[in-house]
Amino acid sequence: MTIIIPVLGDQLSASLASLRDVDRAAAIVLMVEVREETGYVRHHKKKIALIFSAMRHFAAELRADGWRVDYVTLDDPDNRQGFTGEVQRAVARHGATAVRVVEGAEYRVRQMQDGWAAASGVPVEILADDRFICSVPEFLGWAKGRRELRMEYFYRDMRRRTGLLMTADGEPEGGRWNFDADNRETPPRGLNYPVPERFAPDAITTEVLALVGREFAGHFGDLEPFALPVTRSQALAALAHFVAAALPDFGRYEDAMVAGQEYLYHSVLSLCINLGLLTPLEVAHAAAEAYARGLVPLNSAEGFVRQIIGWREYMRGMYWRDMPGFATRNALAAHRPLPEFYWTGDTEMRCLRESVGQTRREAYAHHIQRLMVLGNFALIAGVDPKAISDWFLVVYFDAYEWVEMPNVIGMSQFADGGAIASKPYASTGAYIDRMSDYCGRCRYKVKQRTGPDACPFNALYWDFIGRHEDRLRGNSRMRNMYATWNRFSDDAKAEIRASAAAFLDGLEPAANGWAR
């Protein structure tokens, strides 16, 4: 009896459920690099290299631990370039009698797995992915019957469940669940920002970089320099470095944006968690323990823990609750093509030029750049939510559909009609000016509302408010915005609309060759 155990590229955990309680003598771990995964969207070159290198390192670690590993490289001439075909081929090659696998995190992969038994002719056991803190059935149970599915209430339940940042009598540390109000400072000039731990490519990574440079030269983004963590030991080193060097000031500056500073005080650990090199709980516990030891303030520890056990788990639950329909949600009927500058960075709007340029170089931008610059512009410009969602999936090294899609279509673009976000995350240029240093050297004037020299975010925002008045006016969190809109004269409203239209008419639509 031989069991094939496929391990996917985001399942690089020694504690994976499919690897537990198995007779290793009868098991073969199957790992495959396939074009089906590199091509369903044309991922950033650095993201492909990250995943392939991490996979190859994990395969080596499994072999060193006594596992038999069948690893199929992308350029293997017999590679069928798809999960189903490679499982089918491995079953035949090894005379396997069963397949045992952990469920895919993305809907399309889970659908594939359901067809493996018929394709391979052997039983396929599909196990729940218990690396997440909240299972999908548990989330669906939490959501059932609730009128509003707000993350804040889910997060509080997760705090109680995990005991993170809770007192002995069951109350939140500091007497509050959320310290976000303390996390909106703009850093002063001259700060010595910490740099995330960097790792020089070894022989395995160097070989992968050559492969990706050769096979994916036409994909978006810069491949090198490459210094990302690709092993469990490197991920642990990156975690320790973040907790010591950046977490103390993470909270107060987590919403800030500074030109030329790609990381500020952010952890950049999402790539390690999403690959499986770190577990969400061990990362959250590291932050909580640093607070308990007096090494970091509560607002930093709480803000970081909330991102992991709150937003990450909540987004996964909302994804599985609403798939497959989530992908085509478009509550605001937005249909504008994605502007070409999302790929090229060729725009006079400095905030967008900086954010796209950083994304091209690093395959990374932090959450405020993603939400309040890149996402905000797409929202108020009326970009098709699927187009901007596909773009996010392509360009970031931590983007997987289960976490990217609900964040973009739901939270960023309000395309789910408010299931995730209580109001649209839209703003004028004033927010960007307050939270960044982008506006001071921009060609546009952030304090000017209309005209060719005005910050485009200003007219676009008020035009967005005006054209969605029927839908959004009843939202209690939008009351002040509509009170202001309704104080504008008819001439002022007409000027806003004309200014927004003139700017949008000048946008070059993307050819869309990068995404699909």
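In this predicted model, helix α12 is followed by G294, whose phi is positive, near 80°. The helix that leads up to this glycine comprises 13 residues, 280-292, and because each residue should add 1.5 Å, a span of 18 Å is expected for α12, in agreement with the 18 Å that separates its end C-alpha atoms. Along α12 the buried positions are P280, V283, A284, A286, A287, A288 and A290, and what covers them includes α9 (232-245), α10 (247-253), α11 (270-275) and α13 (298-322).

A comparable reading can be made of helix α2, residues 45-64, where the 20 residues at 1.5 Å each should span 28 Å, while the end C-alpha atoms are 29 Å apart, which agrees. Of these 20 residues 16 are buried, so α2 is largely enclosed by the rest of the structure. Just after α2 comes G66, which takes a positive phi of about 100°.

From single helices we can turn to the nonpolar interior. The largest nonpolar core has 173 residues, and those with the most contacts inside it are M31, Y342, L352, F377 and W391. Helix α13, which is also among the elements covering the buried residues of α12, gives the most to this core, with 11 residues. Apart from this core lies another, of 18 residues, which has V32, V99, W116 and V122 among them. Within the largest core, L352 can serve as a point of entry: when its neighbours within four places in sequence are left aside, L352 is in contact with F341, Y342, T347, V373, L374, F377 and F457.

The cysteines add a further detail. The sulfur of C351 has its closest cysteine sulfur in C439, at 6.3 Å, and because a disulfide requires the two sulfur atoms to be within 2.5 Å, this pair is too far apart for a bond. By that rule the count of disulfides comes to zero. C351 counts as buried because its relative accessibility is 8%, under the 20% cut-off, and C134, at 6% relative accessibility, likewise counts as buried.

Helix packing can be followed in one pair in particular. Two packed helices are described by the angle between their axes and the distance between the axes. For helix α20 (residues 456-467) and helix α23 (residues 490-505), the axes come within 8 Å and cross at roughly 115°, and the crossing is left-handed. On the α20 side the contact is made by P456, A459, L460, W462, D463 and G466, and on the α23 side by I496, R497, S499, A500, F503 and L504.

Several residues show how positions separated in sequence are placed in space. R471, in helix α21 (residues 469-472), is 140 residues from A331 in sequence, yet the two C-alpha atoms are 9.5 Å apart; not counting residues up to four places away in sequence, R471 touches A331 and L332. G357, in helix α15 (residues 350-362), is 136 residues along the chain from G221, with 9.2 Å between their C-alpha atoms, and G357 is buried, with a relative accessible area of 19%. For D157, which is found in helix α7 (residues 151-162), the C-alpha atom is separated by 25 Å from that of R252, 95 residues away along the chain. D157 is partly exposed, with a relative accessible area of 28%, and its contacts, leaving aside neighbours within four places in sequence, are with W142 and R146.

The backbone geometry of some loops completes the picture. Most residues other than glycine have a negative phi, and most peptide bonds are trans. Against that background, L165 has a phi near 55°, a positive value in a residue other than glycine; L165 is found in the loop between α7 and α8 and, at 6% relative accessibility, counts as buried. V268, in the loop between α10 and α11, has a phi near 60°, again positive in a residue other than glycine, and V268 is buried, with a relative accessible area of 11%. Where do the cis peptide bonds occur? One joins E224 and P225, with omega about 5°, and P225 is found in the loop between α8 (203-215) and α9. Another is the peptide bond from M323 to P324, with omega near 5°, and P324 has its place in the loop between α13 and α14 (341-344).

Methods
Residues numbered from 1 in each chain as written. Predicted model: local features only at pLDDT ≥ 70, side-chain atom pairs only at ≥ 80, totals over all residues. Heavy atoms only, no water. Helix = DSSP H or I, 4+ residues; strand = E, 2+ residues; numbered from the N terminus. Expected span 1.5 Å × (residues − 1). Buried < 20%, exposed > 50% of the residue type's maximum accessible area, 1.4 Å probe, protein only. Contact = heavy atoms within 4.5 Å. Core = buried A, V, L, I, M, F, W, Y, C linked by side-chain atoms within 4.5 Å. Axes fitted to C-alpha atoms, helices over the stretch in contact; angles between N-to-C directions. Left-handed = near helix turned anticlockwise from the far one by under 90°.
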